[in-house]
Amino acid sequence: MDKKLIARITLLRNCARAVAFVILVFTFTVATFLTLDWYKSGHSATVRSEVLERALAGVRENPQNTEAVALARELDRLARHTYFNSLTFRQNGMVMLVTGLLLTAACFGLAWRLGLKIPDPRAVVERDPARSDRLAVQALLVVGTLLTIFAVTLQVRHSPAVKSLPDRELRASLTNKALTNGQQNVCACMLGVDRDDLNGQWPNLRGPLMTGRVELESVPLKWDGVTGDGVQWKVELPESGFSTPVLWHDKIFLTTGSRTARRVWCYSTQSGEQLWMTEIPDGAPPGVELPEVTADTGFAASSPACDNQRVYVIFASGDLAALDHSGAIVWSRYLGRPANSYGHASSLTYQGSMLLIQWDQDEDAEIMALDTSDGTTIWKTERAEGMSWSTPIVMQTCDKPIVLVHACDSTWGVELATGSKLWDVNAVGGEVAPSITWENDTWVAANCYSRMVAYKLNADPALPPERLWLWEDGNLPDVASPVMSDGLIYYATDAGEVACHDLKDGKLLWIKEFDNGYYASPIIVNGRLYAVDREKGDFRVFETGREGQELALNPMGEGIFATPVFVEGSIYVRGTAQLWRIVGKTAQ
């Protein structure tokens, strides 16, 4: 072989080896940082820290200390931010680590192949270069395999155990005891209150159909909760809770909770007069301690549901109950203490004569449907997705309603009639509290420190949906759920932003930035977006559309965590201390 050719091959081989060594140094640097991060943070099932735990303990001892509450809330936000940054760092680090090892092996492999082309390697160097390169490749493959085994072992050890679902034949239809003569196998979801009769009521967290949209003949546009201008009445709330009230005709129901008692309250929509209060007994066996909950979740974060006969409530103690409209308990069930780091907060969903409960905990998790008349189980499906705080949403497809059950890295499509799991997609990650929003055949999920993603249902809803787009370039909701209308998506964030995206491609159309963040979900009424912040209760109204013009700023004078209730001519607002009925200047 020509000496010049040998020289070129030798040069290329040396270059390949040099590149391999550079990548190897980078790879070991990444490995060092990953090791240090793991040693410093370890595995954490939640975002808790010792400092945060002490702050929360101080809030539990003195819940009226506003400075302590604000400090705990800020520490919680920082802890979550740090936790998810660490998760992202580890995920990206593992990708870089594996990629670096593969590239290093490829470069040494190239050097090895080039070394084989040199007729007498010992004429160039004393040792056989091909042999040393081959050994380097083999060593890298061994190291890569060991690292992969180590990573998989950590993932398996620190992932919640997946329980096998029981083998059972799911029913294609249900027999309901309320059948009349001539009816057979009518699904419970088709019974109960007619959908048209739900209009004008507020039976669920985000309105009659859990969409966050409602059409009314008139709705207040401007008022002042501080001066009382445009306020028909306001009453002091004797106890705390963050749940959204529900309303049926002349009664509005809400829940409160503490370690001492969990209660249901009923007020007159006309006067604000308290009509009754009922305490829900603890269904746990004697000696079973109440779970720990955080200050901004508490025992009454889950919103109730209602129909024309009953109001249905659930608490972070694991107690579920149905009461008639006079306050008498019709039935109750104890679901067990929730294994939940913040406290159970998923709200109830009313559908026909079914009550849907998303019981996403670290242990014994399930999605279930109960008979609203007596609380018996119609169906239940076990889950192993870990903790979530989202609420199940029913998409009203033509002849086969689908329940969207939303959690970290897993969103199920469930057949409403049977509880059968139809499909599972990885929509968003993180600690999932915002619920899904939907319109027509499209649904959107969004979560802070993760992403926003849109899916379109298949023509056959039993088949997996099609992902339309993914957006992850800015802040997203932490608690408040997004809302869709006329091909646009709106949301409010914990960072104090209200934003709008195009449903077609996910493009950001506009964003408004304010001083205080949002926990209450924004609601669209008659083409206007209503959003109220959690610190001062500044209630803003925007024109929906591609401009987002602010139409009104209505101060409430106290923090608002609960989503407002909209019915004809009125808005009912639950604050941290008061309940209002707003009737002020209307927009036709």
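**Notebook: strands, sheets and charged pairs**

I began at strand β10, where I looked up Ile314 and found its bridge partner to be Leu320. I note at the outset that the model is predicted.

**Entry: β10 and its neighbours**

I traced the pairing around that position. Strand β9 (residues 310-314) is joined to β10 by five bridges, and the two run antiparallel. The hairpin of β9 and β10 has four residues between the strands, and I recorded a positive phi near 95° for Gly318 there.

I then turned to the other side of the pairing. Strand β10 (residues 319-324) is joined to β11 by five bridges, again in an antiparallel arrangement. Two pairs from this register went into my notes: Asp319 has Tyr334 in β11 as its bridge partner, and Ala321 is opposite Ser332 in β11. The hairpin formed by β10 and β11 also has four residues between the strands, and Gly327 in its turn takes a positive phi of about 100°.

How far is β10 enclosed by the rest of the structure? I found five of its six residues buried, so the strand is largely enclosed.

**Entry: the sheet that holds β10**

I followed the pairing outward and obtained an open sheet of four strands, in the order β8-β9-β10-β11, with antiparallel pairing. At the edges I found β8 (305-306) and β11 (329-334); each has a single partner strand, so one side of each is left without a neighbour in the sheet.

**Entry: a second four-stranded sheet**

I looked up another open sheet of four strands, whose order is β4-β5-β6-β7 and whose pairing is antiparallel. Its edge strands are β4 (246-248) and β7 (274-279), and because each has a single partner strand, one side of each lacks a neighbour in the sheet. The twist from one strand to the next averages 20°.

Within this sheet I examined β5 (residues 251-257) and β6 (residues 262-268), which run antiparallel and are joined by seven bridges. In that pairing, I noted Tyr267 of β6 as the bridge partner of Ile252.

**Entry: salt bridges**

How many salt bridges does a search of the whole structure find? I recorded 13, and I went through several of them.

I looked first at Asp494 and Arg534, whose closest N and O atoms are 3.0 Å apart in a salt bridge. Asp494 lies in the loop between β25 (488-492) and β26 (497-502), and Arg534 lies in the loop between β29 (528-532) and β30 (538-543), so the pair ties together parts that are 40 residues apart in sequence. Both Asp494 and Arg534 are buried.

I next took Arg540 and Glu550, a salt bridge with its closest N and O atoms 3.5 Å apart. Arg540 is in strand β30 and Glu550 is in strand β31 (residues 550-555), so this pair ties together parts 10 residues apart in sequence. The two partners differ in burial: Arg540 is buried, with a relative accessible area of 10%, whereas Glu550 is partly exposed at 36%.

I also found that Glu239, Arg263 and Glu279 are joined into one network by salt bridges that share partners.

My last entry on these pairs concerns Lys251 and Asp250, whose side chains meet in a salt bridge with an N to O distance of 3.6 Å. Asp250 is partly exposed, with a relative accessible area of 40%.

**Entry: Arg451, a buried charge without a salt bridge**

I located Arg451 in the loop between β21 (442-446) and β22 (452-456). Which side chain of opposite charge is nearest to Arg451? I found Asp409 at 4.6 Å; Arg451 is buried yet has no salt bridge. The cut-off for a salt bridge is 4 Å, so a distance of 4.6 Å does not qualify.

I then looked for polar partners. The side chains of Arg451 and Asn426 are joined by a polar contact of 3.0 Å, and the Arg451 side chain reaches the backbone oxygen of Ala427 at 2.7 Å. Leaving aside residues up to four places away in sequence, I listed the residues that Arg451 touches, among them Asn426, Ala427, Val428, Leu470, Trp471 and Glu472.

**Entry: the chain as a whole**

I closed with totals. The protein chain has five helices and 35 strands. Of its 588 residues, 56% are buried. Among contacts with a separation of 6 or more, residues 24 or more positions apart account for 58%.

Terms used:
Residues numbered from 1 in each chain as written. Predicted model: local features only at pLDDT ≥ 70, side-chain atom pairs only at ≥ 80, totals over all residues. Heavy atoms only, no water. Buried < 20%, exposed > 50% of the residue type's maximum accessible area, 1.4 Å probe, protein only. Lys, Arg positive; Asp, Glu negative; His and termini not counted. Polar contact = N/O pair within 3.5 Å; in protein donor to acceptor, adjacent residues only side chain to side chain. Contact = heavy atoms within 4.5 Å. Pairing = 2+ DSSP bridges. Axes fitted to C-alpha atoms, helices over the stretch in contact; angles between N-to-C directions.
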